[in-house]
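Welcome! Let us walk through this protein together, one question at a time.

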Amino acid sequence: MPTLVPVPALAEDTQSVLAGVPDEYRHYFNHRPPVPYTKRHWEFPGQARNMPLVRAFLDTCAASREGDYRYLFTLLGTELATNALRHSRSGEEGQTFVLKVTRAANGLTLVCRDNGRPTRSLPGGGGLLSAEVPTGDRLTAESGRGLALVDSFATTWGDNGHPSIRKVWFHLAYDMTGSSWPAA
């Protein structure tokens with residue numbers, strides 16, 4: 001099993017990212033076990049500089065679980081958020097994306113809602129219009145492996161199939177049933 005590195009806390013220079021978070025919601029990003037919740041969501045500005053805040057949100061949502069689970073949930077959620085920035089209007093000036101976590105008795109489900117098909121042309125031929133499973137050696141590629149990771153490590157996952165407002169989701173069972181993580 002791989003050796004895990006803990007999700008880093010927000011660095012001093014990224015504390016400015018928290019400036020837009022009202023005090024009553026700062027506990028969403030503190031890396032400590034959350035107050036009991038069923039659903040938690042946050043709308044993030046569509047800028048790469050907010051990724052430390054995304055990771056803090058995801059890590060905090062899974063903070064009551066053990067290290068492997070917490071790491072994997074944060075990794076997979078970060079991949080969905082990165083796809084929203086790179087392959088949808090959410091990465092354009094003034095746009096946003098939403099992460100919604102639902103806690104159930106058997107695991108956590110994350111939904112990433114982006115703003116759909118990009119208006120700008122992207123390097124390599126445009127954005128992803130549906131959540132298709134990459135094939136071949138995508139898990140070992142330097143880039144473009146996000147959905148392959150989700151497919152391999154999530155218990156289940158899917159998307160809504162709408163190019164205008166896209167929702168990509170995954171469920172990760174607490175016991176990681178259906179995930180190839182322990183075998184990786």
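Q: What percentage of the 184 residues of the chain count as buried?
A: This is a predicted model, so the values here are computed from its atoms. A residue counts as buried when its relative accessible area is under 20%. Of the 184 residues in the chain, the share that passes this test is 43%.

Q: In which order do the elements of the chain run from the N terminus on?
A: There are 3 helices and 5 strands to place. Starting at the N terminus, the elements run β-α-α-β-β-α-β-β.

Q: Which strands stand at the edges of the sheet?
A: The 5 strands form an open sheet with antiparallel pairing, in the order 1-2-3-5-4. An edge strand has a single partner, so one of its sides is left without a neighbour in the sheet. That description fits strand 1 (39–45) and strand 4 (156–159).

Q: Which residue is the bridge partner of Val111 in strand 5?
A: Strand 3 (residues 107–113) and strand 5 (residues 167–173) run antiparallel and are joined by 7 bridges. Val111 has its bridge partner in strand 5, and that partner is Trp169.

Q: At about what angle does the direction of helix 2 lie to that of strand 5?
A: Helix 2 (residues 67–87) packs on the sheet, where it touches strand 2, strand 3 and strand 5. Its direction and that of strand 5 make an angle of about 175°.

Q: How many of the 11 residues of helix 1 are buried?
A: Helix 1 (residues 51–61) lies across strand 1, strand 2 (96–103) and strand 3. The cover over its buried residues includes these strands and also helix 2. Among the buried residues are Met51, Leu53 and Phe57. Helix 1 is mostly covered, and the count of buried residues is 9 of 11.

Q: Which residues does Thr78 touch, not counting residues up to four places away in sequence?
A: Thr78 has its place in helix 2. Its relative accessible area is 13%, so Thr78 is buried. Leaving out residues up to four places away in sequence, Thr78 touches Met51, Arg55 and Leu58.

Q: Are the rings of Phe29 and Trp42 stacked or edge-to-face?
A: Phe29 lies in the segment before strand 1 and Trp42 in strand 1, so the pair ties together parts that are 13 residues apart in sequence. Their ring centres are 5.4 Å apart. Planes over 60 degrees apart count as edge-to-face. With the planes at 85°, this pair is therefore edge-to-face.

Q: Are the rings of Phe44 and Phe97 stacked or edge-to-face?
A: Phe44 belongs to strand 1 and Phe97 to strand 2, so this pair ties together parts 53 residues apart in sequence. Phe44 is buried at 0% relative accessibility, and Phe97 is buried at 1%. The ring centres lie 5.5 Å apart with the planes at 20°, so the pair is stacked.

Q: Which residues form one aromatic cluster?
A: A search of the whole structure finds 14 aromatic pairs. Phe29 and Trp42, whose rings meet edge-to-face, belong to a cluster that also holds Phe44 and Phe97. The full list is Tyr25, Tyr28, Phe29, Trp42, Phe44, Phe57 and Phe97.

Q: How many Å from the centre of the ring of Tyr174 is the charged end of Arg65?
A: The charged end of Arg65 sits over the ring of Tyr69, 6.0 Å from its centre. The charged end of Arg65 also sits over the ring of Tyr174, and there the distance to the centre is 3.8 Å.

How values were computed
Residues are numbered from 1 along each chain as its sequence is written. This is a predicted model: local features need pLDDT of at least 70, side-chain atom pairs count only at pLDDT 80 or more; totals for chains, interfaces and linings use all residues. Side-chain values use heavy atoms; hydrogens and water are left out. Helices (H or I, at least four residues) and strands (E, at least two) are DSSP runs, numbered from the N terminus. Buried means under 20% relative accessible area, exposed over 50%, partly exposed in between (1.4 Å probe, protein chains only). Two strands pair if DSSP finds at least two bridges between them. Contact means heavy atoms within 4.5 Å. Axes are lines fitted to C-alpha atoms, for helices over the stretch in contact, and angles run from 0 to 180 degrees between N-to-C directions. Rings of Phe, Tyr and Trp (its six-membered ring) pair if their centres lie within 6.5 Å; planes under 30 degrees apart count as stacked, over 60 as edge-to-face and the rest as tilted. A charge sits over a ring if NZ of Lys or CZ of Arg is within 6 Å of the ring centre and within 35 degrees of the ring normal.
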